[in-house]
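I'm opening a fresh page for this one. My plan is to look at the sheet, then the helices, then one residue.

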Amino acid sequence: MKKIGLLGGMTTESSVEYYRLINEISRNRMGGIHSVESVMASVDFGNIYPLMEQERWDLILEKLISASLDIQRGGADFLVICTNTMHKLADQIAEKIDIPILNIIDVTAEAIKKKGLARIALLGTRFTMIQDFFRNRLAEKHQLAVMIPEPEEIGYIHRVIVDELSIGRISEDSKTRYWQIIDNLKKKDAEGIILGCTEIPLLIKQVDGDIPLFDTTTLHAEAAVDFALA
């Protein structure tokens with residue numbers, strides 16, 4: 001069994017969900033009271049988020065490399081970055097550590113392709129939707145066409161993530177508005193929706209709609225267990 005390295009804290013809600021999912025999935029796979037081995041380093045998101053708003057990705061990178069090296073020293077065999085947005089820095093982190101990174105974008109793309117879909121919409125933080133690191137990897141490496149919501153919708157999605165979901169607040173009004181945005185994307189021929197922020201699945205569930213949803217948190221957790229047990 002390989003030991004999973006978890007780079008967490010971005011946010012607490014997301015990290016809790018990763019740990020829960022990974023251990024539930026591993027218990028279901030192995031039975032009994034089994035769980036996979038893991039080591040987590042958790043950063044203080046209260047110090048990270050202001051740097052995101054200031055576009056100081058260089059300073060964020062330093063903090064994440066330091067935490068990733070702590071995880072490596074803790075005996076992890078591979079690294080899971082427990083957030084979509086910070087995959088913007090995944091390749092740069094990979095250059096500084098000696099263990100592989102299980103990339104959430106690639107894991108999600110494989111799930112989309114297994115469904116036979118080609119045109120997908122991306123929800124996430126403002127950074128994930130507007131910046132090109134997620135969309136370009138999907139397009140260039142996986143030949144997927146990617147669309148994003150309208151500017152006003154992007155602002156709303158981001159605000160709910162930061163002000164509500166990141167602190168565990170679930171609002172029915174926000175859920176209704178998210179589904180309205182998803183319906184708008186569906187009308188523009190989106191074949192599926194990437195829930196490209198690890199907190200969004202706390203609000204949006206497949207049972208509430210008929211368009212395929214790709215929960216990056218669950219997909220990443222499943223892939224981590226697969227890799228650990230391979």
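Before I start on the strands, a term: two strands count as paired if DSSP finds at least two bridges between them. I also remind myself that this is a predicted model.

**Entry 1: the sheet.** I looked up L123 first and found it opposite L195 in β6. L122, for its part, stands opposite I194, again in β6. These strands, β4 and β6 (residues 192–195), run parallel and are joined by 4 bridges. Then I checked β4 against β5 (residues 145–147), and they pair in the parallel sense too, over 3 bridges. Here I noted R119, whose bridge partner in β5 is A145.

Next I wrote down the whole sheet. It is open, has 4 strands with parallel pairing, and its order is β5-β4-β6-β7. β5 and β7 (213–215) sit at the edges with a single partner strand each, so one side of each has no neighbour in the sheet. I also jotted down the twist: ignoring direction, neighbouring strands are turned by 30 degrees against each other on average.

What packs on the sheet? I found helix α9 (residues 172–187) there, touching β4, β5, β6 and β7. The direction of α9 makes about 155 degrees with that of β4.

Is β4 mostly covered or mostly open? I counted 4 buried residues among the 5 of β4 (residues 119–123), so I put it down as mostly covered, given that buried means under 20% relative accessible area.

**Entry 2: two helices crossing.** I moved on to α5 (residues 104–114) and α7 (residues 133–142). Their axes come within 10 Å and cross at roughly 50 degrees. That angle is neither under 35 degrees nor in the 65 to 115 range, so α5 and α7 are oblique to each other. I noted the crossing of α5 and α7 as right-handed.

Who makes the contact? From α5 I listed I105, D106, A109, E110 and K113, and from α7 I listed F133, F134, R137, L138, K141 and H142. Sorted by class, this contact has 5 nonpolar, 1 polar and 5 charged residues.

**Entry 3: H220.** I picked H220, which lies in helix α10 (residues 216–229). Is H220 buried or exposed? Its relative accessible area is 0%, and the cut-off for buried is under 20%, so H220 is buried. Leaving out residues up to four places away in sequence, I found that H220 touches Y18, V80, I81, H87, L102, N103, I104 and V107.

Terms used: Residues numbered from 1 in each chain as written. Predicted model: local features only at pLDDT ≥ 70, side-chain atom pairs only at ≥ 80, totals over all residues. Heavy atoms only, no water. Buried < 20%, exposed > 50% of the residue type's maximum accessible area, 1.4 Å probe, protein only. Axes fitted to C-alpha atoms, helices over the stretch in contact; angles between N-to-C directions. Parallel < 35°, antiparallel > 145°, perpendicular 65-115°, else oblique. Left-handed = near helix turned anticlockwise from the far one by under 90°. Contact = heavy atoms within 4.5 Å. Nonpolar A, V, L, I, M, F, W, Y, C, P; charged D, E, K, R; others polar.
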